[in-house]
Amino acid sequence: MVEFALVLPLLLLGLIGVVQFALVHHAQNVATTAAQEGARLGAAEDGDPSLAEARTLDVLRSGLGGVSDGFAVTAEDSDEWITVTTTGGYPLIIPWLASQTISIDAAAEMRKEGFRSGP
(Lines give C-alpha, C1' and ligand atoms only; values in the text may rest on other atoms or scores of the structure.)
Protein backbone atom coordinates (compact mmCIF):
# COMPACT_ATOMS: atom_id res chain seq x y z
CA MET A 1 0.00 0.00 0.00
CA VAL A 2 2.81 2.41 0.81
CA GLU A 3 4.57 1.75 -2.48
CA PHE A 4 1.31 2.24 -4.35
CA ALA A 5 0.69 5.55 -2.55
CA LEU A 6 4.19 6.71 -3.53
CA VAL A 7 3.99 5.61 -7.17
CA LEU A 8 0.39 6.68 -7.89
CA PRO A 9 1.12 10.45 -8.26
CA LEU A 10 3.95 9.74 -10.70
CA LEU A 11 1.78 7.34 -12.65
CA LEU A 12 -1.06 9.88 -12.87
CA LEU A 13 1.34 12.64 -13.91
CA GLY A 14 2.68 10.43 -16.71
CA LEU A 15 -0.85 9.54 -17.80
CA ILE A 16 -1.90 13.21 -17.91
CA GLY A 17 1.23 14.01 -19.94
CA VAL A 18 0.44 11.31 -22.50
CA VAL A 19 -3.17 12.49 -22.83
CA GLN A 20 -2.02 16.12 -23.21
CA PHE A 21 0.47 15.11 -25.92
CA ALA A 22 -2.28 13.23 -27.79
CA LEU A 23 -4.66 16.21 -27.59
CA VAL A 24 -2.05 18.66 -28.88
CA HIS A 25 -1.09 16.26 -31.68
CA HIS A 26 -4.76 15.96 -32.64
CA ALA A 27 -5.15 19.77 -32.63
CA GLN A 28 -2.09 20.14 -34.87
CA ASN A 29 -3.49 17.58 -37.31
CA VAL A 30 -6.88 19.33 -37.37
CA ALA A 31 -5.24 22.73 -38.00
CA THR A 32 -3.13 21.30 -40.83
CA THR A 33 -6.14 19.57 -42.40
CA ALA A 34 -8.23 22.74 -42.09
CA ALA A 35 -5.55 24.83 -43.82
CA GLN A 36 -5.22 22.26 -46.62
CA GLU A 37 -8.98 22.04 -47.08
CA GLY A 38 -9.34 25.82 -47.18
CA ALA A 39 -6.48 26.16 -49.67
CA ARG A 40 -8.01 23.44 -51.85
CA LEU A 41 -11.36 25.25 -51.95
CA GLY A 42 -9.71 28.62 -52.53
CA ALA A 43 -7.61 27.23 -55.38
CA ALA A 44 -10.65 25.87 -57.22
CA GLU A 45 -11.56 27.69 -60.43
CA ASP A 46 -14.40 29.66 -58.80
CA GLY A 47 -12.71 29.95 -55.39
CA ASP A 48 -11.54 33.04 -53.59
CA PRO A 49 -9.78 33.82 -50.27
CA SER A 50 -13.01 34.48 -48.36
CA LEU A 51 -14.30 31.01 -49.26
CA ALA A 52 -10.96 29.54 -48.19
CA GLU A 53 -11.11 31.27 -44.79
CA ALA A 54 -14.72 30.21 -44.21
CA ARG A 55 -13.98 26.56 -45.07
CA THR A 56 -10.90 26.55 -42.84
CA LEU A 57 -12.92 27.89 -39.90
CA ASP A 58 -15.64 25.28 -40.52
CA VAL A 59 -13.12 22.42 -40.41
CA LEU A 60 -11.51 23.88 -37.28
CA ARG A 61 -14.91 24.10 -35.56
CA SER A 62 -15.74 20.54 -36.56
CA GLY A 63 -12.47 19.14 -35.26
CA LEU A 64 -11.78 21.27 -32.19
CA GLY A 65 -15.18 22.49 -31.04
CA GLY A 66 -15.12 25.60 -28.86
CA VAL A 67 -11.33 25.71 -28.75
CA SER A 68 -11.37 26.80 -32.40
CA ASP A 69 -12.64 30.26 -31.36
CA GLY A 70 -9.08 31.11 -30.37
CA PHE A 71 -7.72 30.47 -33.87
CA ALA A 72 -7.06 33.10 -36.52
CA VAL A 73 -7.24 32.26 -40.22
CA THR A 74 -5.74 34.24 -43.08
CA ALA A 75 -5.88 33.50 -46.79
CA GLU A 76 -3.52 35.25 -49.17
CA ASP A 77 -4.10 35.31 -52.89
CA SER A 78 -1.45 35.75 -55.56
CA ASP A 79 -1.56 35.32 -59.33
CA GLU A 80 -1.10 31.55 -59.30
CA TRP A 81 -1.12 30.49 -55.64
CA ILE A 82 -3.35 30.68 -52.59
CA THR A 83 -1.89 30.35 -49.11
CA VAL A 84 -4.00 29.66 -46.02
CA THR A 85 -2.50 30.08 -42.54
CA THR A 86 -4.04 29.14 -39.19
CA THR A 87 -2.64 30.22 -35.84
CA GLY A 88 -3.99 29.74 -32.37
CA GLY A 89 -3.43 28.37 -28.92
CA TYR A 90 -4.54 25.04 -27.49
CA PRO A 91 -5.20 25.02 -23.71
CA LEU A 92 -3.38 22.62 -21.42
CA ILE A 93 -5.36 20.18 -19.28
CA ILE A 94 -2.70 19.96 -16.56
CA PRO A 95 -4.43 21.50 -13.50
CA TRP A 96 -1.63 23.81 -12.31
CA LEU A 97 -0.92 24.98 -15.89
CA ALA A 98 -4.56 25.39 -16.95
CA SER A 99 -4.10 29.02 -17.95
CA GLN A 100 -1.26 28.16 -20.35
CA THR A 101 -1.67 27.37 -24.04
CA ILE A 102 0.47 25.66 -26.65
CA SER A 103 0.83 27.47 -29.96
CA ILE A 104 -0.62 25.62 -32.95
CA ASP A 105 0.36 26.93 -36.39
CA ALA A 106 -0.34 25.44 -39.81
CA ALA A 107 -0.12 26.63 -43.39
CA ALA A 108 -1.03 25.23 -46.79
CA GLU A 109 -0.32 26.50 -50.27
CA MET A 110 -2.06 25.37 -53.44
CA ARG A 111 -1.72 26.32 -57.06
CA LYS A 112 -4.90 27.76 -58.55
CA GLU A 113 -6.84 25.63 -60.96
CA GLY A 114 -7.81 26.88 -64.36
CA PHE A 115 -6.73 26.99 -67.96
CA ARG A 116 -3.30 28.41 -68.64
CA SER A 117 -2.29 28.99 -72.22
CA GLY A 118 1.21 28.33 -73.39
CA PRO A 119 3.72 25.55 -72.80
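1. Let me start with Arg61. In this predicted model, Arg61 has a relative accessibility of 43%, so the residue counts as partly exposed. Its salt-bridge partner is Asp58, with the closest N and O atoms 3.2 Å apart. Asp58 is partly exposed too, at 38% relative accessibility. Why do Arg61 and Asp58 sit about one helical turn apart? Because they are three residues apart in helix α2.

2. Staying in helix α2, have a look at Thr56, which lies in this helix (residues 49-64). Is Thr56 buried or exposed? Its relative accessibility is 0%, so Thr56 counts as buried. Beyond its neighbours within four places in sequence, Thr56 is in contact with Ala34, Ala35, Gly38, Val73, Val84 and Thr86. Of these contacts, Val84 returns in the point on β2 and β3 below.

3. Leu64 also belongs to helix α2. With a relative accessibility of 11%, Leu64 counts as buried, because the cut-off for buried is under 20%. Which residues does Leu64 touch, once neighbours within four places in sequence are set aside? They are His26, Ala27, Val30, Phe71 and Tyr90. For a sense of distance, Leu64 and Phe4 are 60 residues apart in sequence and 36 Å apart in space, taken from C-alpha to C-alpha.

4. Now for the sheet. Three strands make up an open sheet, ordered β1-β2-β3, with antiparallel pairing. At the edges are β1 (72-77) and β3 (101-111), each of which pairs on one side only. From one strand to the next, the twist averages 10°. As general background, strands of a sheet pair through backbone hydrogen bonds, either parallel or antiparallel.

5. The two strand pairs can be taken in turn. Between β1 and β2, which run antiparallel, there are six bridges. A hairpin of three residues makes the connection from β1 to β2, and Asp77 stands opposite Ile82 in β2. How many bridges join strand β2 (residues 81-91) to β3? There are eleven, and these two strands are antiparallel as well. Here Val84 is placed opposite Ala108 in β3.

6. The helices come next. Helix α1 (residues 2-43) packs on the sheet and touches β2 and β3, its direction making about 25° with that of β3. Helix α2 packs on the sheet too, where α2 touches β1 and β2, and the direction of α2 makes about 150° with that of β1. The contacts of Thr56 in point 2 give a residue-level view, with Val73 and Val84 among them.

7. Back to charged pairs. The model has five salt bridges in total. In general, side chains of opposite charge can pair when their charged atoms come close. One of these bridges joins Lys112 and Asp77, where the closest N and O atoms are 2.3 Å apart. This pair links distant parts of the chain, as Lys112 is in the segment after β3 and Asp77 in strand β1, 35 residues apart. Asp77 has a relative accessible area of 45% and is therefore partly exposed.

8. Another bridge brings together the side chains of Arg111 and Glu80, at 2.8 Å from N to O. Which parts does this pair tie together? Arg111 is in strand β3 and Glu80 is in the loop between β1 and β2, so the salt bridge connects parts 31 residues apart in sequence. Both ends are partly exposed: Arg111 has a relative accessible area of 43%, and Glu80 has a relative accessibility of 34%. Separately, Glu37, Arg40 and Arg55 are linked in a network of salt bridges.

9. Finally, a point about the surface. Which residues form the nonpolar patch there? Val2, Phe4, Leu6, Val7, Leu8, Leu11, Leu12, Leu15, Val19 and Ile93 do, and together they have about 940 Å² of accessible area. One of them, Leu11, is found in helix α1. Leu11 has 54% relative accessibility and so counts as exposed, whereas Leu64 in point 3, at 11%, counts as buried. Phe4 in this patch is the residue whose C-alpha lies 36 Å from that of Leu64.

How values were computed
Residues are numbered from 1 along each chain as its sequence is written. This is a predicted model: local features need pLDDT of at least 70, side-chain atom pairs count only at pLDDT 80 or more; totals for chains, interfaces and linings use all residues. Side-chain values use heavy atoms; hydrogens and water are left out. Helices (H or I, at least four residues) and strands (E, at least two) are DSSP runs, numbered from the N terminus. Buried means under 20% relative accessible area, exposed over 50%, partly exposed in between (1.4 Å probe, protein chains only). Contact means heavy atoms within 4.5 Å. Two strands pair if DSSP finds at least two bridges between them. Axes are lines fitted to C-alpha atoms, for helices over the stretch in contact, and angles run from 0 to 180 degrees between N-to-C directions. A salt bridge is a side-chain nitrogen of Lys or Arg within 4 Å of a carboxyl oxygen of Asp or Glu. Patches are made of residues with over 30% relative accessible area and no salt bridge: like charges are joined within 9 Å, nonpolar side chains (Val, Leu, Ile, Met, Phe, Trp, Tyr) within 5 Å. Accessible areas come from the Shrake-Rupley method with a 1.4 Å probe; for residues, only the protein chains shown count as cover.
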